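Colleague: Could you take me through one part of this model slowly, as you would for someone in their first year? I would like a close look at the place where the two chains meet.

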Amino acid sequence: MEVDGKRLSLGSSNIVLRGCELKNTNCVVGVAVYCGRETKAMLNNSGAPSKRSRLETQMNSEIIMLSFFLVALCMVTSVCAAVWLNQNKNDLNLLPYYRKLDVSKGKEESYQYYGWGIEMLFTFLMSVIVYQVMIPISLYISMELVRVGQAYFMIKDSRLYDEATNSRFQCRALNINEDLGQIKYVFSDKTGTLTENKMEFQCASIWGVDYSSAKTSLENEQVEYSLQVEGKVLKPKMKVKVNQELLRLTKSGFANKDGKRIYDFFLALAACNTIVPLVIDTSDPTVKLIDYQGESPDEQALTYAAAAYGFMLIERTSGHIVIDIHGERQRFNVLGLHEFDSDRKRMSVILGYSDNSFKLFVKGADTSMFSVINKSLNTDIIQATETHIQSYSSVGLRTLVIGMRDLNASEFDQWHFAFEAASTSMIGRAALLRKVATNVENNVCILGATAIEDKLQQGVPESIESLRKAGIKVWVLTGDKQETAISIGYSSRLLTSGMTQFRIKSNNRESCRRRLQDALLMSRKNMAAPEVGNYFEGSSDSVVSTPMALIIDGTSLVYILDNELEEELFELARRCSVVLCCRVAPLQKAGIVSLVKKRTADMTLAIGDGANDVSMIQMADVGVGISGQEGRQAVMASDFAMGQFRFLVPLLFIHGHWNYQRLGYMVLYNFYRNAVFVLILFWYVLFTAFTLTTAINEWSSMLYSIIYTAVPTIVVGILDKDLSKRTLLDNPQLYGAGQRQEAYNKKLFWLTMADTLWQSIVVFFVPLFAYWGSTVDIASIGDLWTLSVVILVNLHLAMDVIRWTWITHASIWGSVIATFICVTIIDVIPSLRGYWAIFDAAGTALFWLCLLGILIAALLPRFVVKFVYQYYFPDDIQISREVEKKARNLRVNGDTHIEMLHISNPQR
Amino acid sequence: MATNSAGSNDPTVNRRQTKRPKYSKFTQQELPACKPILTPQAVISAFLIVTAIFIPIGVASLIASRDVVEIVDRYEAACVPSNWTDKIAYIQSGADKTCKRELHVEKRMKSPIYVYYQLDNFYQNHRRYVKSRNDEQLRDAGKGNSTSGCDPESNVDGVPIVPCGLIAWSMFNDTYSFSRNNNNVTVNKKGISWKSDRDHKFGSDVFPKNFQNGTIKGGASLNETIPLSQQEDLIVWMRTAALPTFRKLYGKIEVDLEKGDVINVVLQNNYNTYSFSGKKKLVLSTTSWLGGKNDFLGIAYLSVGGLSFFLAMAFAIVYFVKPRQLGDPSYLSWNRNAAGQ
C-alpha cells in the first residue's frame, strides 16, 4: 500500500478488529481486509436465539387445549345439526322456517341444501367462524401492549438508573418481561459485574515488609503527586491511596539498601508494562494530566501507583522509556519485552541503564513467579512475601509478584542474540519468543508483591444475600483463578463460613470423577439429615439444611462435561446453594448455562458485562447485560441492560414479580373472557336448531374484544400491583411465588375454566328461563346477553384488581359505559335488525332484574372461593398485603409506625 | 486545582444531558390507590346486603307473577275435525277451518287483557329464516326491487315480492274472535307492534305487492291497499322471536273479564304447524310490572338471596369459631417453617 509515495507493508499487527477503540492518533487510513460471512463478528454471532417466555410457552399449550375445546364445540354443533336435519328430513321442504323447496325458477329444486353430510360440513365451518373468539388472538396483541407498558415502567424506574454511567435501564427484548419473575438460577460473571473492573492499588510487600495502605490511619487521604516540568505541572489522572510510611521512605532517597529495593520495586512497576502514557491538556494551560492507557486495568493501577510514589512514567516509545523519578528524568532503553501470555502467566522487560548495565524485571502470578525465583536466596523474604500474598488474597485482592535479575554482559548478549533471532523468524515466532523468555526469566531475585483490589460494585453483597433469600441460586462463572474467585466469593457474601465447600480441581479424568462422586456422597449425607426433620413441613427445599458450595475449575469442568459426568455434576450443583466456576472459557460459561437449562424446567438468568459473556447471555432464558467498562457486546446480546449488578434485585423482586403476576392473571382472564362469550353463543345455538344464529349482534361480537373488554385488562396488566415495592424488597421470599408458578398454572387454568362454564350458564340461562314463552325478540334478548356478559367480565376483573387507581376506575367503568353507548348506537341504526330493541327492553323491570341477578349469581362462586382461599388458606402474598394494609391503617391512625414484618428474618 | 478540574468537566456535563428518569408518581408506579381487602366483616355484610336486596325482590316478583291471570288454550289438535286422520292433509285442504273453543275465566282479569298466540317448537331464530328478509325493501318504496337475501321467496315469475323472504311468507294466519254471553268482545289490534318499527322500519308508502302469489302459500295474505307500516300483524311477526317457544301479540281486549265468564272463541285454524308437530296455543293474559306469568325470576332471586344468607351465617360462625388475624406475619410460609424447626 502506498501512502504519500511511501510503500508500507501491512501485517497482522495492523489489523483493527471490531470493537477496537482508536486511541493516540487523530486519523486512520483503513482498508477492509475481509467483510464476508467469516468475519469474527459474524462467526461469533451465533444468531441470537429467539426467546419466548415460559409463561407464553405454557399459555400456548393451554391455547392448544382451547383449540381442542373449540373443535369439540364445533363438532357438537355440526353433529347435532346433522341429526336435526335427518329427523326433519321429510318436513324440510315446507317447514316454514326452513323451506327447502324453491319453485321460483319454475321447477322444483332445493334451495341451498346439499344433503345432511355437506350441511354438516358447512355447519362445522360456520361454527369455527362463530366460535373462533375462543382462541384469544387479541390476547397476543394485548400481551404485547402490556409488555410495552411494563417495559416503559422498568425504563422509567429511577431505582434502575445508574448515576455513574448515566445510563437508564434498557429493555431490549419485549417478550420475556414476565420471565424476570420466575428466575431460579442466576449466572453471573465476576469481573465488571460483581466487581467494578476498576483496579485499585492497595498493598505492597517490598522485600518482605508489608506496606498496606489500608492499615494506615490516613487511609482515605489520596496523595497526588505532581511534577513541575518547564513551568508546567504534570500529574497523573487518577489518584491513588498511598501508604505514608512508604511514601516517606521513597522521599528519603534510595541510598541505603532498603531504599534501593524500593527503588527497584517501583521502577519495575513503572517499567514492566505495556502502558502508554498520554498527556492531556486541561483547561488550566499550566496543568497537564497524564493518562495511562493500556490493555490491562491491573497494569494501569500499578503504573498509577508507581506515579503516586514518584516514579512517573512519562514517555514510552518502542525503544526507550522516560521515567521521572522524584523530579529527575531518567531514560531507560527497553531492550526487550516479553509480553504476558497465559502459559507463563508473567511478563518481563529488559532495561538497559545508562551505565550499560542490564536488568530484567519480571512480574507475574504468584504460582508462576515462585517457580522462577531463586529459592536459595533470601528464603525468609520469600516466605514473608508468600504469607503476605496469602493474606492479601484472602481479603479478595489480586496479587502479583515482582522480581528482578541483574544480567551481566554475556548473559545479555546471549539473550539478545536469541531474542533477535526469535523476533525475526518467520515461522513459530511466538513459540520461539516464549522459549527465549523462559530461558531468561530464571534465577529471579524477589523484590516484592503487589495487591490490587478489584473493587466490588456497590451493594453487591446485599444483593447476593437477597437473591439467596429469595431462593435463587447464584452461580459465579469467572475466568479468574480459584483463590481469587473464592475470596471474591467471601467478600460478596456468596460464600459464608458456615458452608460446606466442595472443591473440585484436578488435572485428570479419574481423579475428577472420584472427587465428584465423593462430593456427591457427602452432599447426600448432608441433605439426608435435615430432611427428616423437614419432611413434615412439606418443604423439601434445601435452604434449611447446611448450605453447600461447589467450587470447580475450568479444566475439571472440561473433563466432566466430556465424560458423561454431567448428571452427577448437575445433581451436586443442584444441592448446592452456591456454585463457583473458576477459570472457565466463554464457551464453557454457555455450556454450564445450557447444562442447567437442559436438566431443569427452572428459569435461568445470566448477567455479564463483557464480550466473553455474550454466549452465556444468549444461552440463558434471560440475559442481562451490564453496560460497564468492557464495551457494548454484552449489552447488544442481552435482553435487558442496566448499569449495576445491584439493580438485579429491584428488577427481579419488583418488576419481575409484578410483571409475572400481572401477565399470569391477564392470560387467565383473557381465556375466561373469550370462553365465556363463546359459550354463551354456543348455548344459544342449542336453541336455534343448531344453526349458529347469534342473538348477540355481529357488531357487538366484534367490538367485544376491541372496545367492551379490551382496555381494562391492558390497564390492569400494566398497572396493577399486588404488593408495594418496599414489601417486595424487604421480603425476598415473596419472589418464590413466581418460581412456584403461582400466578399461572394448570390448576388455575382449569379452575378458571370451571368458573367460566358456570358464569356462561348463568348469563345464558337466566334470561332464557325468564323470557321463555314470552314475546321477546332476538335483538332484545341479545342486548341483554351482551350487556350482562360485558358487565360481568368487567366486574370479574374489578373483583380481582388489587390496586384501584383512578386509571383503573376510569378504564373499567368507562368500558361498561362505552358498552352501553355502543349497544345504544347499534340499536338506533334502522337498517339493523335490532332497531330500538335496547330501548324497548330496557324499559322493562324484567331486563334490569335479569341483569342484576345474573351478575350476582355468576360472581357468587368465584367470590366465595376467593374469600375462602384468602382467609383460610392465605398465601404469602395475601398475608403481606394484609400486613401492608394494617401498617398503613396504623400510620393513618397516628400510631407509632410498627416495624413491618419484624420476624420476617428467621433466626439463622 | 479542584476548581480547575470542575471547570473542565462543566461543559461536558452540560452537553451530555442526564438521562435520569423524571420522577412522577405515575412513572414510579406510586399513584395513590385504594387497596381493598376482603375482610370477613366486609364479606359477611356483603352477603347480608345481597340477602336484603334479593329476598324482597324475589318475593315481589313471585307475587307479581302469581297475580297475573293467564288462560292458555292449546287448540291445534282439537281443531282438526275427527274425521280427518291426516292433519297435514286437512290443513292443506280447502275445507272449512272454523273452530269453536270455550275459555273459562277462573279469576277476574283486569283490562288490558293481552291476546297472544303461542307457537311451540317453531324456530323463528333459525339462521336460514332470520336472514330471509330485506329491510331496505320494507322501508323504502323506491327499493321495492331489492330482494337480495329473500330467496327462495324473492319473486314470482320474475316479479319481486313485497315483502319478500321467508319470514313474511310464513306469517301466522289464524284468526280469533271472542264473544261473552253472545256479546262480541272486541279485540283492539292497533298498537300491538313497536312504534319504532312502524315509524322507521316499515314504510308508510310501501304496499304489499305480489305477496303470496307463488305456488306454495306459506301463511297470511296482506291487503295490498294498506301500507306496511299499518300491517301490524306483519310487523309483530317480523320481529323474530328469540326462542323456539314464543308468543306474539294478537291484540288487546280492553274490557275486564269477570270470574266465571265463559269466553267463546271462534277461530280460523289456518296455520300449518302440523308438518313439524308444533303446538298452537291461544293465550289471554293480564300483565304485571314484571311482564307475564313466570315464576322463574322470583324463585331465582329467592334462592340466591337464601344462599347468600346461608353463606353469611356460615362465614360468621366460622369467623367466630376459628378466626385468623389478618396480616399476622407468623403465617408467612418461611416464618412457619422457621417456627417448625
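Modeller: Happily; here is a walk through the contact between the chains, followed by a few spots elsewhere.

Please keep in mind that this is a predicted model. Let's begin with who takes part: chain A brings 115 residues to the contact, and chain B brings 105 residues. Together the two chains bury about 10,000 Å² between them, and 60% of that area is on carbon and sulfur atoms. If you want names to look for on the chain A side, try A:Tyr97, A:Arg833 and A:Tyr871, which lose the most area to chain B. Together these three account for 8% of what that side buries.

Now for the charged and polar pairs. Across the interface of chain A and chain B there are 7 salt bridges. One to find on your screen joins A:Lys725 to B:Glu30, with their closest N and O atoms 3.9 Å apart. A salt bridge here needs a side-chain nitrogen of Lys or Arg within 4 Å of a carboxyl oxygen of Asp or Glu, so a Lys and Glu pair at that distance is counted. The interface also has 41 residue pairs in polar contact.

Which piece of chain A gives the most to the side that touches chain B? That is helix α29, residues 845–872, with 17 residues. Sorted by class, the chain A side holds 64 nonpolar, 25 polar and 26 charged residues.

Next, have a look at the surface of chain A. A nonpolar patch of about 690 Å² is made there by A:Trp813, A:Ile817, A:Ile821, A:Ile825, A:Val828, A:Ile829, A:Trp836 and A:Phe839. Helix α27, residues 806–827, supplies the largest share of this patch, 4 residues. A:Ile817, one of the patch residues, is found in that helix α27.

Salt bridges also turn up away from the meeting of the chains. Over all chains the count comes to 47. Within chain A, A:Arg599 pairs with A:Glu567, their closest N and O atoms being 2.4 Å apart. A:Arg599 lies in helix α17 (residues 586–599) and A:Glu567 in helix α16 (residues 566–575), so the pair ties together parts that are 32 residues apart in sequence.

Finally, here are some backbone details to rotate into view. In chain B, the peptide bond from B:Ser111 to B:Pro112 is cis, with omega near 0 degrees; B:Pro112 sits in the loop between β2 and β3. The bond from B:Val162 to B:Pro163 is cis too, with omega near -10 degrees, and B:Pro163 belongs to the loop between β5 and α6. In chain A, A:Ala689 has phi near 55 degrees, a positive value in a residue other than glycine. You will find A:Ala689 in the loop between α20 and α21.

Definitions and conventions:
Residues are numbered from 1 along each chain as its sequence is written. Chains are lettered from A and ligands numbered from 1 in the order in which they are written. This is a predicted model: local features need pLDDT of at least 70, side-chain atom pairs count only at pLDDT 80 or more; totals for chains, interfaces and linings use all residues. Side-chain values use heavy atoms; hydrogens and water are left out. Patches are made of residues with over 30% relative accessible area and no salt bridge: like charges are joined within 9 Å, nonpolar side chains (Val, Leu, Ile, Met, Phe, Trp, Tyr) within 5 Å. Accessible areas come from the Shrake-Rupley method with a 1.4 Å probe; for residues, only the protein chains shown count as cover. Helices (H or I, at least four residues) and strands (E, at least two) are DSSP runs, numbered from the N terminus. Contact means heavy atoms within 4.5 Å. Buried area is the accessible area (1.4 Å probe) that two parts lose on being put together, summed over both. A polar contact is a pair of N or O atoms within 3.5 Å; within protein, one must be able to donate a hydrogen and the other to accept it, and residues adjacent in sequence count only if both atoms are side-chain atoms. Ala, Val, Leu, Ile, Met, Phe, Trp, Tyr, Cys and Pro count as nonpolar, Asp, Glu, Lys and Arg as charged, and the others, Gly among them, as polar.
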